Amino acid sequence: MIYDVRHITTVSYAGPVHLARFNLRLKPADWSGQSLLSHGLFVDPIPWSIQDEFGPYIVNRSRLTLRDPILQLSIESRFRVEVAQPSFLLGSVVAPTVSHVRHLALNRRDLSAASPASYLYASAIAEPSAEIAAWAAPYFADDADVVNSGQALMAAIFREFRYDSGATDSDTPPLQAFRQRSGVCQDFAHVMIIAARANAVPAAYVSGYLRTLPPPGQPKMVGADAMHAWVALWCGDDLGWIGFDPTNNCLTGADHIFVAMGRDYADVAPVDGVFRGGMGQTMRYAVDVVPVDN
């Protein structure tokens with residue numbers, strides 16, 4: 001599949017802000033099975049400087065600096081990407097057991113951005129939870145197929161949790177979402193990450209986009225899509241990282257567009273930053289994911 005993606009972020013301030021600095025993580029990073037064909041970033045007002053960087057995890061970051069006072073900032077990211085169906089869905093490789101994956105990950109000396117060792121331990125948002133660990137333990141028997149374990153955990157979240165956009169916000173701790181059994185894709189991903197790491201299975205947070213279809217007979221609304229989040233579990237050297245989408249109870253495929261991967265949302269947030277001033281702000285998003293006929 002080939003997609004055109006357009007993501008517009010508008011930040012409005014109640015009063016002038018000065019010396020604003022932003023981190024943008026909107027350009028898709030290199031990922032197996034996906035090819036970035038083009039990308040453009042448009043910012044209004046024009047920044048004093050833009051510095052493009054990679055890392056520290058699987059993420060492209062653009063650092064913007066605006067020196068003059070502003071009341072509003074508009075950021076538009078556009079790209080075309082080609083996404084292939086993951087080869088693991090063909091079932092040609094036998095998945096290792098949970099205990100084997102644990103052994104491999106815990107003894108891995110590689111600390112690169114894609115190494116499973118980087119995603120074994122607690123992070124800023126995905127803090128350890130004995131409560132979540134105990135709930136998830138039955139899905140990670142030592143002799144279980146690690147992919148089947150991931151699917152069982154994903155299905156449990158899908159079955160037991162209610163999707164409710166009003167139940168949480170970006171600052172809601174994962175344990176709160178777990179206890180109330182409701183939230184959004186970000187919450188479900190963090191719960192699954194904490195559960196997997198508690199059982200020594202490397203788990204990462206992935207940000208991206210998901211192709212969505214309108215109801216039958218209805219036109220697709222412009223700007224109706226949004227960024228999505230799912231989990232990548234490291235399933236051994238042969239299978240590598242596999243995407244699990246607990247919001248939709250499916251393995252990721254050609255409808256999932258990868259942007260960035262980190263330990264949790266804090267590593268891959270699409271926009272964050274600091275500024276001088278403090279009278280409040282409003283942030284709005286509009287996202288379009290459009291398949292390209294080929």
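1. Is Met261 buried or exposed? Keep in mind that we're looking at a predicted model here. Met261 has a relative accessibility of 0%. Buried means under 20%, so Met261 counts as buried.

2. Where does Met261 sit? You'll find Met261 in strand E12, which covers residues 256–262. Leaving aside residues up to four places away in sequence, Met261 touches a whole list of others. Among them are the aromatic-looking names to click on: Trp31, Tyr57, Tyr119, Tyr205 and Trp241. The list also includes Ile58, Ala204, Val206, Ala232 and Val268.

3. For a sense of distance, try Gln151. In sequence, Met261 and Gln151 are 110 residues apart, and their C-alpha atoms are 20 Å apart in space.

4. Now zoom out to the whole chain. Its secondary structure adds up to six helices and 14 strands. The radius of gyration is 19 Å, close to the 19 Å that the globule rule gives for 294 residues, so the chain is as compact as a globular protein of that length. Along the principal axes, the C-alpha trace spans about 60 × 45 × 40 Å.

5. Met261 has company on the inside: 50% of the chain's 294 residues count as buried. As for contacts between residues at least 6 apart in sequence, 76% join residues at least 24 apart.

6. Last, the outside and the charges. The chain's accessible surface is about 14,100 Å², and 52% of that belongs to carbon and sulfur atoms. There are 22 positive and 29 negative side chains, with the centres of the two sets 5 Å apart.

Technical notes:
Residues numbered from 1 in each chain as written. Predicted model: local features only at pLDDT ≥ 70, side-chain atom pairs only at ≥ 80, totals over all residues. Heavy atoms only, no water. Helix = DSSP H or I, 4+ residues; strand = E, 2+ residues; numbered from the N terminus. Rg over C-alpha atoms; globule rule 2.2 N^0.38 Å. Buried < 20%, exposed > 50% of the residue type's maximum accessible area, 1.4 Å probe, protein only. Contact = heavy atoms within 4.5 Å. Areas by Shrake-Rupley, 256 points an atom, 1.4 Å probe, with all protein chains shown as cover. Lys, Arg positive; Asp, Glu negative; His and termini not counted. Charge placed at Lys NZ, Arg CZ, Asp CG, Glu CD.
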